[in-house]
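Visitor: I have a chain open on my screen and would enjoy a guided look at it. Could you walk me through the fold, one question at a time?

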Amino acid sequence: MTPRLSVIVPFYNVGEYIGDCLESIALQTFADFEAILVDDGSPDDSAAIAKDFCQRDSRFRIVEQDNQGLGPARNTGVREAQGDYLTFVDSDDLVSRHGFERLIRTLDETGSCLAGGNARRFNNSAGVRPSWIHRLPFATDRIATHVIETPDLILDRMVWNKVYRRSFWDEHGYEFPAIRYEDYPVTLRAHLDAVTVDALAAPVYYWRERESGESITQQKFQFGNLADRVTSAELVLDLIDSGQPGLGEIRRRVHSHLTQIDMLTLMMAFGTVPEEEEQNLVLLACRLLDRLDPSVLTRAHGYDRLQHAALRAGDVDLLRRLAHFRHEGGLRGGARALRKPGRRRQFEHNYPGVHEANTAIPRSLYQLPTRELTLATTVQHVAWRDGGLSIKGTAEIRHLATDASSTLRIALVIAGAETPLAVRRYDATDSHGDTAPVGFEVHLDKPLLAKLADTGAPAHFAVRMKSGKARREGKLRGQKAGSPGWPPGSWIGPNSWVQPGPAPDGAFVLRRMVDPCRLTSVEQFEDALVLRGRVPATMEDPKLQLTRPLSGQDQVLSVELSSDGRFSVRIPYAPIIAETNPDDPFSQRTTWAFRLVGSDGTEKLLLWTAEEQAANHLEQGRLVSLTRSTGGYVNLHEGPARLIAERALFVAESNELRISGPSTDVTHTFSWRRYIDDSDDHLDVTCRSTLWDGQWTAAVKLPALIPANPVAHAVDPLASLADWVLFAVAEDGSAQAVQCEPFLAGRLPLVVDQNGHTLGVRPHAGTLHVEVR
């Protein structure tokens with residue numbers, strides 16, 4: 001019987017990852033597929049792993065060919081495919097369990113030519129996080145749309161997060177070119193050729209990132225790789241510069257995207273290209289620059305335009321210095337302004353070449369426009385103290401030095417009315433790595449918090465700053481990792497709760513909730529969790545609805561309700577643990593959100609107001625964890641028995657950092673791990689591990705985390721000297737990053753000074769880090 005979907009998986013030298021990739025495909029909720037595994041002459045054990053999988057699952061079959069590259073391998077898979085639909089998976093990535101089902105369901109409903117979905121980036125040390133390039137095209141569901149109607153889809157340049165109708169593919173005769181970066185010419189052409197396209201906000205694809213992250217010396221900066229990138233860009237430009245009517249906005253967006261991504265990559269390559277290839281790189285980069293729309297180039301970032309001018313001038317030395325400056329963080333926070341000679345109120349960017357007599361580089365490119373002197377704020381720490389809310393952060397005017405003569409005013413804005421706050425200022429590290437009076441703390445007492453409205457817009461903070469002659473104002477924003485990202489809420493009265501957090505526009509706001517649906521306690525039994533709480537008096541006959549946000553599946557549980565609004569609900573472990581196909585194919589976890597639904601259809605999220613400690617239950621090697629979300633609501637996670645950190649403290653007596661959490665059935669050792677620049681190799685500092693009363697503790701002497709010969713980046717003073725991640729190593733040698741429990745994240749960062757350095761414990765994408773500066 002012909003399968004409905006053909007999944008094409010080319011592979012080459014991915015023995016470490018291909019097993020997990022194929023497993024994620026096998027566990028799809030949409031089972032009517034064939035998987036065509038194209039062995040592109042792989043020299044490692046990838047083929048053996050693939051053949052073994054084929055023997056175990058008849059839906060998988062292997063096709064062998066001599067090494068030709070990813071594009072030709074995909075073309076081979078298409079020729080072998082028999083399904084009504086086509087999709088592509090890279091062999092080191094993962095597919096979310098509902099990915100194929102969601103994409104095919106929408107195509108069946110709409111008749112669109114192709115459907116795409118959101119993507120996530122992942123690795124072991126940094127966890128799972130959104131894919132930056134997919135955030136705009138898949139910000140929301142867009143059904144039966146088109147790239148002309150939704151220009152953000154021009155950013156959707158990857159082939160693998162989509163399902164294509166096979167008849168549509170064959171009608172237009174798509175083939176991947178035999179180059180790297182072969183995706184974009186095909187995907188953009190498909191978007192243009194399609195009658196309609198479906199774009200789904202749900203993540204359908206997990207895109208692996210190397211442990212050490214992006215690097216200037218990665219393969220993408222090799223000359224052959226760069227030449228393929230330019231060829232790919234030229235094929236794309238040929239598509240949208242063909243004179244076809246109606247493509248004006250698409251053309252502008254594509255030119256802008258290639259300027260921001262591909263042209264930037266060529267400019268950054270001057271920081272690593274061998275001397276004998278420099279002139280070839282100049283010619284290659286000019287080839288692309290000559291194709292880009294001048295009106296788009298003039299609107300590019302000022303630093304981009306400076307690099308373009310150096311390229312036009314053939315000034316390889318300046319190109320090299322500009323690339324290093326950018327790579328090493330010189331633009332972080334905006335380079336410090338220089339006063340223009342003879343002009344007290346005019347400034348220049350402190351970029352390489354600013355004071356050099358180079359007539360080929362227009363001096364105007366170094367000019368710093370007044371509009372770029374913007375207010376820059378951060379929220380560093382949020383805590384409830386002395387019956388009120390304490391907020392610490394930084395404020396400065398970008399590019400300018402902040403000194404004691406500067407002034408800072410902060411007001412709480414409630415329904416348009418401002419209440420000035422007392423501001424305590426202190427020295428902190430500014431965006432240029434200097435110590436300056438940019439730090440601030442404001443404290444809001446309960447009487448002020450009680451003025452917050454329980455309806456309408458939340459309250460925000462207005463920040464006004466004066467530095468020299470410059471005056472700037474704006475909203476407080478810029479939440480950092482730790483308590484700003486996981487801010488704790490608190491009762492400010494018998495029935496009134498205040499929850500800090502981000503607004504949709506990124507501002508830091510306060511929301512007051514009167515008589516919310518809330519969890520007040522959790523009891524753990526051998527076979528179930530029992531949740532107790534209160535519902536508003538206006539909610540009648542409520543039911544508890546458990547929703548899986550990634551899959552859209554719901555469960556409804558009966559609620560015992562007393563006359564005074566108190567409720568209890570029993571959640572058995574067995575049905576949750578019986579779920580063997582998690583929503584997240586990397587962490588292997590499924591997340592459930594809680595809401596109470598009244599008989600009239602009224603829905604209320606369940607707010608966590610219980611003890612600030614997760615409820616964890618371990619059974620059959622799976623961990624059920626009831627905890628809070630970033631917004632303070634109740635979440636339930638089910639997944640493998642990974643270790644979770646619940647407490648972190650510096651112990652002065654022993655000069656140690658101690659991390660602890662609940663133990664599992666497997667014995668682990670612990671180490672703080674940091675990855676070497678430009679490599680997936682790592683260094684480990686072994687911890688002193690103890691196990692007592694169901695709790696593990698990993699302790700490390702603080703000096704051990706300070707590099708023996710620390711070297712700060714010359715350009716980026718904010719770069720850490722070392723970034724350590726806590727890993728747990730099982731008896732079989734497998735290692736996983738320890739997870740940071742949300743309640744611990746809400747108490748971080750934890751910062752201590754040691755031997756002239758600062759060590760900060762912070763969460764990042766669910767894992768626990770120590771940054772040394």
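Guide: Gladly! One term before we begin: contact means heavy atoms within 4.5 Å. Keep in mind too that this is a predicted model.

Visitor: With that in hand, which elements cover the buried residues of helix 3?
Guide: Helix 3 spans residues 70–80, and eight of its 11 residues are buried, so the helix is mostly covered when buried means under 20% relative accessible area. Those buried residues are Gly71, Pro72, Ala73, Arg74, Asn75, Thr76, Gly77 and Val78. The cover over them includes strand 1 (5–11), strand 2 (33–40), strand 3 (60–65), strand 4 (85–88), helix 5 (166–172) and helix 6 (183–193).

Visitor: How many helices and strands does the protein chain have, and what is its radius of gyration?
Guide: The secondary structure comes to 15 helices and 49 strands. Along the principal axes, the C-alpha trace spans about 80 × 75 × 55 Å. A compact globule of 773 residues would have a radius of gyration near 28 Å, and the protein chain agrees with that, at 28 Å.

Visitor: Are helix 1 and helix 2 roughly parallel or antiparallel?
Guide: The axes of helix 1 (residues 18–26) and helix 2 (residues 46–56) come within 10 Å and cross at roughly 25°. Angles under 35 degrees count as roughly parallel. That makes the relation of helix 1 to helix 2 roughly parallel.

Visitor: Which residues of helix 1 and helix 2 make the contact, and which are the buried residues of helix 1?
Guide: From helix 1 come Ile18, Gly19, Leu22, Glu23 and Ala26, while helix 2 brings Ser46, Ile49, Ala50 and Phe53. By class, this contact has six nonpolar, two polar and one charged residues. Helix 2 is among the elements covering the buried residues of helix 1, as is helix 4 (99–110). Those buried residues are Ile18, Cys21, Leu22, Ser24, Ile25 and Ala26.

Visitor: How are helix 7 and helix 8 arranged relative to each other?
Guide: The contact between them draws on residues including Leu226, Val230 and Leu237 of helix 7 and Val254, Leu258 and Ile261 of helix 8. It divides into 12 nonpolar, two polar and three charged residues. The axes of helix 7 (residues 223–240) and helix 8 (residues 248–269) come within 11 Å and cross at roughly 170°. Helix 7 and helix 8 are therefore roughly antiparallel.

Visitor: Is Leu759 buried or exposed?
Guide: Leu759 sits in strand 48 (residues 757–764). Not counting residues up to four places away in sequence, Leu759 touches Phe650, Leu702, Leu705, Ile706, Leu750, Val751, Val752, Gln754, Val770, Glu771 and Val772. With 1% relative accessibility, Leu759 counts as buried.

Visitor: His399 and Gln620 have a positive phi although neither is a glycine; which one counts as buried and which as exposed?
Guide: His399, with phi of about 85°, is found in the loop between strand 15 (388–397) and strand 16 (407–414). Gln620, with phi of about 55°, lies in the loop between strand 34 (615–619) and strand 35 (622–628). At 5% relative accessibility, His399 counts as buried, and at 66%, Gln620 counts as exposed.

Visitor: One last stop: is the peptide bond from Leu748 to Pro749 cis or trans?
Guide: Pro749 lies in the loop between helix 15 (742–745) and strand 47 (750–754). The omega of the bond from Leu748 to Pro749 is near 5°, and the bond is cis.

Notes. Residues numbered from 1 in each chain as written. Predicted model: local features only at pLDDT ≥ 70, side-chain atom pairs only at ≥ 80, totals over all residues. Heavy atoms only, no water. Axes fitted to C-alpha atoms, helices over the stretch in contact; angles between N-to-C directions. Helix = DSSP H or I, 4+ residues; strand = E, 2+ residues; numbered from the N terminus. Parallel < 35°, antiparallel > 145°, perpendicular 65-115°, else oblique. Nonpolar A, V, L, I, M, F, W, Y, C, P; charged D, E, K, R; others polar. Rg over C-alpha atoms; globule rule 2.2 N^0.38 Å. Buried < 20%, exposed > 50% of the residue type's maximum accessible area, 1.4 Å probe, protein only.
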